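This report looks at one chain, then at a pair of helices, then at the place where two chains touch. Please have the sequence and the structure open while reading.

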Amino acid sequence: MTWPMQWQFGFDVGESERIKVTFQFTKPNSSGENTSSETAPTIVDTVEAACIDSAVNLVNTFVSKEVNLSHCKVIVFSEEMARQGISKEIYSLMNKVEVRPDSNIIISTTTAQEYIESVNPSLENLVAKFYEILPRSSEYTGFTTDIHLIDFFNKLESKSEEPIAILGTPVSESNESGGSGGSGSSGGSGGSGEGGSSSSTLPANNGIENIGLAVFKNDKLIGKLTKIETLSNLIITNKLKSCRLSIPDPDDQSKAIDFYLTLDTKPQIKVSILNGTPYVNIKVKLNGRISSINQISEEITDERVARIENSASHYLQTHILNYLYKTAKDYKSDISRYW
Amino acid sequence: MTNQKIGNFEAIALVLTVMVNHVVLNLPKRIISSTSSGTIVNILFITIVALVIVYLICKLLEKFPNLDILDIANFLGGKWLKTLIGILFLAYFLFTVSITLRSFSEGLKIIFFPRSSVGVIMILFLVAIVITNKLGFHAIVRSNLFVMPIILFSILFVFISNFGNFTVQRALPLLGEGAYTTFFAGTSNLFAFSGIVYLYFIPPYLKNISDQKKISLISVLLSGICLLLSVATLLFISPSAITAEETFPLYLASRNIEFGRFLQRLDALFLLIWIISLVAYLSISFSFATKVFQKLLNIKHTKWYIGLFTLFIFTFSLIPENMYQIIFIENTVYQYVVLVIVFAVALSLLVLANIKYNVIQKKKGSVLIDKAPV
């Protein structure tokens, strides 16, 4: 017997019932029937129910094979639903043995159904491979981080840390609003900070983009982080593998210098209490390789290198401080894990 | 039966099998929920206490070489005490086999066979137990020795493979809910070393009785390391997830293992190893139950009542009505049963037997001294 391969499901606020659950399946045997150049066809079904189990039951009534969640890679929540609180769903999912703890948690800026329907893995034949690779792209983009169900659950239960999730947007939506992560916030206005990688310049083949982070306070979504804020989070939490960053050229503000950044050492974090308030001192050491500049390397003097270093340090320091103030003062959510 | 002597490695594997199988079941969950972040310190503490107790047991057993606890009870209080202690240990072995069998079967049902009857799963295990017991004690012990390195490797592998998912700070504060909970109340976690029970029965089977102390200490030390590794794995990954879920905690940890996109979902392989290991453990405990019964009634042939015991275990396993009752019996009742029978009753019996032995020796000595001048 072949089970329908179920790769992701999403939660929206229901109209007639509490939740609306969207399932995405791959057609059984489709990968075998298609030629290597074709993408395996997927089916998207949506049902409204009181809880996830009822939704699965409902789906089972109109699909010929029993739905099994063990192949699920991605769990999507709509922003609206996340703002209302998702602890009930997270606990239900953790209690289901078939749901894998390494499934990714994504908060969609639109409805989960729209997000799932927008998925179009143009460079992959198998949807499963696409879902595996996409969150891991954070290892070389630094635009988001690989958040699993178990990480989210642990942080939800933790007394010292708040949960975060991947922020996902259908590309059409992000183009309209000028980029999900970068839009409407301080980090986005930096321009050069995300310059060469602006989402609007991406061809909309994938249909979705995962850029930025969704910040939670307990189980409720309270805010979103831009690309540069996400990068700040990755640096402070020692999760940055590598990324490319553009900063304004200190000698000519109209031009940009691109860096390939990696963490040199783990950030040193010291917390002390001053006048009853925690004072956090973070020492960050990064390696930056200049990957593009309007000069050949032989013409770059030591003074110019020092100026670029200072400029890069100042640029990152400003954005890290902005990020810290934003999460601490605006969101009052500790997602940086100062230990 | 005592012709079937076992070697040192076989004896160590015998004692270890109890620990590793309970580690796979709910033992780490029970310990973590009682001592929270202080679990690591607690495990180190109870391992030291267990080593001291085992050293004491070996010292107490030194005066009774090649005798098991039933023979010692016979020496201390005659036939009635032997019968009483025999019934107690018989009940203990049957109880542990029954509850472990039910608990593991329920776990398998949750993971793989949600629509199957738990009775059917248990019958499959019982068939395996009956076959192994028909083959004899020596075959079981040898098989267990073969399985043991694999299961120990699986526990070590789960620990190492999860390094990337560890948050070591989850072990802070080191003393958890305080020194009282970690050390004093936490002493009750000694029940984890229930494998000590075999030390009371293996002396007649040892090839080299002089190695008894070495075997006992090594097996308890390895048990402690095994427990420490598994508890550390679970504590560093997600203590909340472990206490929230009904399935085997180590299985949950194994589900996090992946090596890139190429090697994923190894949990099924681990479960297969643990199933084989559980069959070995249940067979050993079952075998000891039949040996105690045989010794109590002075029966020469064991074959006929194996079926009787199997039926009893099957029936007893089905008594708990739901998962809540099983967890309660496995965690709470089992804990007190072990502490009372394995530690309190058996140790007291050994101490009293030693006192009696010394008194007899003294009397013999005094008689000799009295007679000497004559």
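Of the 339 residues in chain A, 42% are buried. The model is a predicted one. Chain A contains twelve helices and 13 strands. Taking the contacts in chain A between residues at least 6 apart in sequence, 72% join residues at least 24 apart.

In chain B, helix α1 (residues 8-24) packs against helix α6 (residues 137-161), at an angle of about 50 degrees and with the axes 9 Å apart. Because angles from 35 to 65 degrees are neither roughly parallel nor roughly perpendicular, α1(B) is oblique to α6(B). Their crossing is left-handed. On the side of α1(B), the residues that meet α6(B) include B:F9, B:L16 and B:V20. On the side of α6(B), B:V141, B:M148 and B:I155 are among them.

Chains A and B also touch each other. Which elements give two or more residues to the side of chain A that touches chain B? They are α4 (87-95) and α8 (149-157) of chain A. The largest share of that side, four residues, comes from α8(A). In total, the contact takes twelve residues from chain A and 13 residues from chain B.

The table lists the make-up of the helix contact and of the side of chain A that touches chain B.

| Contact | Nonpolar | Polar | Charged |
|---|---|---|---|
| α1(B) with α6(B) | twelve residues | two residues | two residues |
| Side of chain A that touches chain B | six residues | two residues | four residues |

Key: Residues numbered from 1 in each chain as written. Chains lettered and ligands numbered in written order. Predicted model: local features only at pLDDT ≥ 70, side-chain atom pairs only at ≥ 80, totals over all residues. Buried ≥ 20, exposed ≤ 12 C-beta atoms within 10 Å, placed from the backbone. Contact = placed C-beta atoms within 7 Å. Axes fitted to C-alpha atoms, helices over the stretch in contact; angles between N-to-C directions. Parallel < 35°, antiparallel > 145°, perpendicular 65-115°, else oblique. Left-handed = near helix turned anticlockwise from the far one by under 90°. Nonpolar A, V, L, I, M, F, W, Y, C, P; charged D, E, K, R; others polar.
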